[in-house]
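Please open the structure in your viewer and keep the selection tool at hand. The tour proceeds from one selection to the next and states what is found at each stop.

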Amino acid sequence: MKKCVFAGTFDPPTTGHTQVIENCLKIFDETVVAVMVNHDKAPLFSVEERLYLLGKLYGSNPAVRIISFEGTAADLLERENTPFYVRGIRNTVDFEYENRNNFSTKKLKPDLIPIYFPAGQESLHISSTLVKNLYKFKKDFSQYVPEQISADVLKILNAKEK
């Protein structure tokens, strides 16, 4: 059985994230979607909220396992017993960032096999930051988050304003 890990902040999950997950499902028997806990970042959505949103998208799919993880990508891959680490790439900035991380992670996990999925042309500009900024300026962000969670994302964001 081939398994991969796709880790990220998912603050909130976007249609770009789902494109990556859908690609994983075409190749791997199991895709572990890991909400990474990074104390150097201040995500707007709690870990529980991000797990809930991802669960609403993929909780019924037996080929997807959604978890949270605190630690390095190398530790996560070791725990999941897979060398396949999936990353989504929108542009050269993402590529340079991921490539730098690849080299440092490979020092910790020499059998690491990074898999980069380039974003589709329609997704090059999509990010969680875009979603949060559109909300902040009272603009419609629904086209950038999966339809199944759009109302949930809005509800969570509205509750945080109160």
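**Stop 1: an exposed residue in a helix**

Select Ile-27, which counts as exposed at 53% relative accessibility; buried means under 20% relative accessible area, exposed over 50%, and partly exposed in between, with a 1.4 Å probe and protein chains only. Ile-27 is found in helix α1. Helices (H or I, at least four residues) and strands (E, at least two) are DSSP runs, numbered from the N terminus. Add Lys-3 to the selection: the C-alpha atoms of Ile-27 and Lys-3 are separated by 9.0 Å, although these positions lie 24 residues apart along the chain count.

Two notes apply throughout. This is a predicted model, in which local features need pLDDT of at least 70 and side-chain atom pairs count only at pLDDT 80 or more, while totals for chains, interfaces and linings use all residues. Residues are numbered from 1 along each chain as its sequence is written, and side-chain values use heavy atoms, with hydrogens and water left out.

**Stop 2: the nonpolar cores**

In soluble globular proteins, nonpolar side chains tend to be buried together. A nonpolar core is a set of buried Ala, Val, Leu, Ile, Met, Phe, Trp, Tyr and Cys residues joined through side-chain atoms within 4.5 Å. Which members of the largest core touch the most other members? Select Cys-24, Phe-28, Val-86, Phe-141 and Val-153, which hold that position among its 31 residues. At least two residues of this core come from each of β1 (3–8), α1 (15–27), β2 (30–36), α2 (47–58), β4 (84–89), β5 (113–118), α5 (128–136) and α6 (147–161). The largest share, 5 residues, is supplied by α2.

Now centre the view on Val-86. Leaving aside residues up to four places away in sequence, Val-86 touches Cys-4, Val-5, Phe-6, Ala-7, Val-20, Cys-24, Phe-28, Ile-115 and Phe-117; contact means heavy atoms within 4.5 Å. For the second, separate core of 12 residues, select Met-36, Ala-73, Leu-77 and Tyr-85, which are among its members.

**Stop 3: helix α6**

Select α6 and display its ends. The expected span of a helix is 1.5 Å times one less than its number of residues. For the 15 residues of α6 this gives 21 Å, and the end C-alpha atoms are 22 Å apart, which agrees. The buried residues of α6 are Ile-149, Ser-150, Asp-152, Val-153, Ile-156 and Leu-157, and they pack against α2 and α5.

Is Asp-152 of this helix buried or exposed? Asp-152 is buried, with a relative accessible area of 12%. Apart from residues up to four places away in sequence, Asp-152 touches Tyr-52, Leu-53 and Lys-56.

**Stop 4: backbone exceptions**

Most residues other than glycine have a negative phi, and most peptide bonds are trans. Select the loop between β1 and α1, where Phe-10 lies. Phe-10 is not a glycine, yet its phi is positive, at about 50°; this residue is buried, with a relative accessible area of 2%. Pro-12 lies in the loop between β1 and α1 as well, and a cis peptide bond, with omega about 0°, joins Asp-11 to Pro-12.

Move next to Asn-81, in the loop between α3 (73–80) and β4. Asn-81 has a positive phi of about 55° although it is not a glycine, and it is exposed, with a relative accessible area of 69%.

**Stop 5: the largest pocket**

Select Gly-8, Thr-9, Lys-41, Arg-87 and Glu-98, which lie nearest the centre of the largest pocket among its 46 lining residues. On a 1 Å grid over the protein atoms alone, a pocket is an open set of points with protein on both sides within 12 Å along at least five of seven lines, a cavity is a set where a 1.4 Å probe fits but cannot get out, and lining residues have an atom within 4 Å of a point. The largest pocket holds about 1200 Å³ of space; grid points are joined across faces, edges and corners, and a volume is the space filled by probe spheres set on the points. The largest share of its lining, 7 residues, comes from α4.
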